[in-house]
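Reader: I have a structure open and I want to learn how to read a sheet with helices packed on it. Where do I start?

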Amino acid sequence: MTATLAVARTVAEVREAVREARAGGKTVALVPTMGYLHEGHLSLLDEARARADVVMMSIFVNPLQFGPAEDLDRYPRDLDRDLALAATRGTELVFAPTAAEMYPHGAPAVQVVPGPLAERLCGASRPGHFRGVLTVVAKLFGIFQPDVAVFGQKDLQQATLIRRMVDDLDIPVRVEVAPIVREADGLAMSSRNVYLSASERESALALSRGLGRARELWDAGQADAATLRATLWSEMAVPGVEPEYAEVVDPRTLEGVERAGPGTVMAVAARVGRTRLIDNAILP
Ligand code: PAJ
């Protein structure tokens, strides 16, 4: 990849770059992120590369999706490092706007209402979170008008809601969802993992371990959702871990099921110290 990375700070610069790509007959993929990039984010760039001619990434810590008691102020940021990492995957453009560029009039008066899908799982403890996510993603779709946008299964409820928004509002973007990238010991990669102390890092393995154990039960023929759920809970019942939910749900409705089947989602969330972690697995 010989392309050099362009950095756009304004909506106008993005529109110009997209116009140029289109004029050259090229398709455009967008990978939205909040930065502090890790291999999970970079895998989305690779996925985007496989699906479009030009790959663009946004890096914006979206204030709209953080609750008042959440970690907006301490969310990790390092744009120089992010730009260097994005360049290693041949990214053509990174859009890194200020909050004033994205929200010149403050929080937008018109926002995307996510509906009941946003009330389950993470939505139960993060009121307004998915409204903030969908509103910024709708804006990014409007700014880039990409052919394809790539998201991670790591945030499965988010990806489900974005698919639903695109479908319900007839937004002409193809949404792709890429698999979860994990550390060697199984911990799902997350920008928030830097918050973890060494002992918290150890406790955090309870989430992926629970999913692994439940998956083994499923592989051995166990389809009773209550049994799978009990396994997820019991693996998270360790010192230093405060489970928030462990659910076995239908991938489209995110509602609990009684019997698991292929495509059923097992999803967990827990607090480890001050850090909130999520993970999930889709049954094959
Ligand atoms: P962020 O948490 O930075 O994640 C950006 C994208 O990377 C999301 O689609 C997320 O699912 C994906 N991702 C994160 N960890 C991953 C992993 N371990 N493996 C694979 N993909 C992973 O999600 C957001 O930002 C924001 O809510 C955003 C969509 C950008 C809207 O502000």
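Reader: Which strands does helix H10 lie across?

Author: Remember that this is a predicted model. Helix H10, residues 225–236, lies across E7 and E8. Its direction runs at about 165° to E7.

Reader: What is the strand order of the sheet with E7 and E8?

Author: Read a sheet strand by strand, from edge to edge. Here the order is E7-E8-E9, an open sheet of three strands with antiparallel pairing. Strand E7 (241–249) and strand E9 (275–282) are the edges, each pairing on one side only. From one strand to the next, the twist averages 15°.

Reader: How many bridges join E7 and E8?

Author: Eight bridges, in the antiparallel sense. E8 covers residues 265–272. For one facing pair, look at Val248, which stands opposite Met266 in E8.

Reader: Which strands does helix H9 touch?

Author: Helix H9, residues 205–219, packs on the sheet and touches E7, E8 and E9. Its direction makes about 20° with that of E9.

Reader: How do the axes of H9 and H10 cross?

Author: Take distance, then angle. The two axes come within 8 Å and cross at roughly 150°. An angle over 145 degrees counts as roughly antiparallel, so H9 is roughly antiparallel to H10. The crossing of H9 past H10 is right-handed.

Reader: Which residues make that contact?

Author: From H9, they include Leu207, Leu211, Ala214 and Trp218. From H10, they include Leu228, Leu232 and Met236.

Reader: How do the residues of this contact divide into nonpolar, polar and charged?

Author: For H9 with H10, nine are nonpolar, three polar and three charged. Arg209 and Arg213 of H9 and Glu235 of H10 are among the contact residues.

How values were computed: Residues are numbered from 1 along each chain as its sequence is written. This is a predicted model: local features need pLDDT of at least 70, side-chain atom pairs count only at pLDDT 80 or more; totals for chains, interfaces and linings use all residues. Side-chain values use heavy atoms; hydrogens and water are left out. Two strands pair if DSSP finds at least two bridges between them. Helices (H or I, at least four residues) and strands (E, at least two) are DSSP runs, numbered from the N terminus. Axes are lines fitted to C-alpha atoms, for helices over the stretch in contact, and angles run from 0 to 180 degrees between N-to-C directions. Contact means heavy atoms within 4.5 Å. Angles under 35 degrees count as roughly parallel, over 145 as roughly antiparallel, 65 to 115 as roughly perpendicular and the rest as oblique. A crossing is left-handed if the near helix is turned anticlockwise from the far one by less than a right angle, and right-handed if clockwise. Ala, Val, Leu, Ile, Met, Phe, Trp, Tyr, Cys and Pro count as nonpolar, Asp, Glu, Lys and Arg as charged, and the others, Gly among them, as polar.
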